[in-house]
Amino acid sequence: MTRPGSEIVANGKPLPVTYADRERVIRTLKAALAQGRLTEDEHEERTARASVSRSRAELTALTADLPDGITALPPTPRDVRIALGVIIAAAGVLAAVLVTNPDNALAFMAALAAIATLIVVPIITVGLIIDVRHQKRSGGQLPPGPAPW
């Protein structure tokens, strides 16, 4: 994001704020609310202001007192359970298609989607499992630094 006073200019006019810019700020505000950095009233007021903002400087002012990168929330065990559920559902769809209608075009498309899911989601799930286990072991803290001597 740009800082107030450093707008991106084209033909002498600041570029308009896009929907994606507003959504990025709203996600940041939602994460700040979840982390307890904003009250419910502050969140509602800032979200309303973000929805009607006309410049990037206005958007930047809404998150100026928040640290950068707070939208990256760590995965939870619930995320792992959801991913495992998706894998089981995709395997069930694939098995049902292969057993009942392997020659139907719609069933073939469902089978392709299930196969793609079974290729991609397990990789993501393993990453989630590793990340959650690492968080549990470290207690959510950074590793200790070198000895003070």
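**Notebook: helix α3 and its surroundings**

I started at T63, which lies in helix α3. The model I am reading is a predicted one. T63 counts as buried, at 15% relative accessibility. I set aside neighbours within four places in sequence and listed what T63 touches: V25, T28 and L29.

**Entry: the helix around T63**

I looked up the extent of helix α3, and it runs over residues 56-63. How many of its residues are buried? I found 6 of its 8, which leaves the helix mostly covered. The buried residues are R56, A57, L59, T60, L62 and T63. Then I asked what these buried residues pack against. They pack against α1 (19-34) and α2 (40-52).

I took L62 next. Not counting residues up to four places away in sequence, L62 touches V25, L29, R46, R49 and A50.

**Entry: the core**

Which residues form the largest nonpolar core? I listed 12: V17, V25, I26, L29, A31, A32, L38, A50, L59, L62, L66 and I70. At least two of these residues come from α1, and at least two from α3. Helix α1 gives the most, with 5 residues. I note that L62 of this core touches V25, L29 and A50, among others.

**Entry: R56 and D21**

I moved to R56, also in helix α3. Is R56 buried or exposed? R56 counts as buried because its relative accessibility is 12%, under the 20% cut-off. I checked its side chain for partners. It makes a polar contact with the side chain of D21, at 2.9 Å. The pair is also a salt bridge, with the closest N and O atoms 2.9 Å apart. This pair links distant parts of the chain: D21 sits in helix α1 and R56 in helix α3, 35 residues apart. D21 is buried as well, with a relative accessible area of 7%.

I then looked for other partners of D21. The side chain of R24 meets that of D21 in a salt bridge, 3.1 Å from N to O. R24 and D21 are 3 residues apart in helix α1, so about one helical turn separates them. I noted why that spacing suits a side-chain pair: with 3.6 residues a turn in an α-helix, residues three or four places apart point the same way. R24 is partly exposed, at 37% relative accessible area. I record D21, R24 and R56 as linked in a network of salt bridges.

**Entry: the other salt bridges**

How many salt bridges does the count come to? I get 4. One of them joins the side chains of R49 and E45, 3.0 Å from N to O. R49 and E45 lie 4 residues apart in helix α2, so they too are separated by about one helical turn. R49 is partly exposed at 41%, and E45 is partly exposed at 42%. R49 is also on the list of residues that L62 touches.

**Entry: T125 and its partners**

I turned to helix α5, where T125 is found. T125 is buried, with a relative accessible area of 2%. What does T125 contact once neighbours within four places in sequence are left aside? I found A83, L84 and I87.

I also took C-alpha to C-alpha distances. T125 and R81 are 44 residues apart in sequence and 9.0 Å apart in space. I82 and T125 are 43 residues apart in sequence and 9.2 Å apart in space. I82 belongs to helix α4 (residues 77-100). I82 is partly exposed, with a relative accessible area of 43%.

**Entry: a surface patch**

I looked for nonpolar surface. One patch, of about 660 Å², is made by F108, M109, L112, I115, I119, V120 and I124. I checked I124, which is placed in helix α5 (residues 105-138). I124 is partly exposed, at 49% relative accessible area. T125, the next residue along, is buried at 2%.

**Entry: the whole chain**

I ended with chain totals. The secondary structure comes to 5 helices and 2 strands. In what order do they follow along the sequence? I read the pattern β-β-α-α-α-α-α. The chain has 149 residues, and buried residues make up 27% of them. Its accessible surface is about 10,500 Å², with 63% of that belonging to carbon and sulfur atoms. For contacts with a separation of 6 or more, I find that 72% are between residues 24 or more positions apart. The D21 and R56 pair, 35 residues apart, is the case I would mark on the view.

Definitions and conventions. Residues numbered from 1 in each chain as written. Predicted model: local features only at pLDDT ≥ 70, side-chain atom pairs only at ≥ 80, totals over all residues. Heavy atoms only, no water. Patch = residues over 30% accessible without salt bridge, like charges linked within 9 Å, V, L, I, M, F, W, Y side chains within 5 Å. Areas by Shrake-Rupley, 256 points an atom, 1.4 Å probe, with all protein chains shown as cover. Buried < 20%, exposed > 50% of the residue type's maximum accessible area, 1.4 Å probe, protein only. Contact = heavy atoms within 4.5 Å. Polar contact = N/O pair within 3.5 Å; in protein donor to acceptor, adjacent residues only side chain to side chain. Core = buried A, V, L, I, M, F, W, Y, C linked by side-chain atoms within 4.5 Å.
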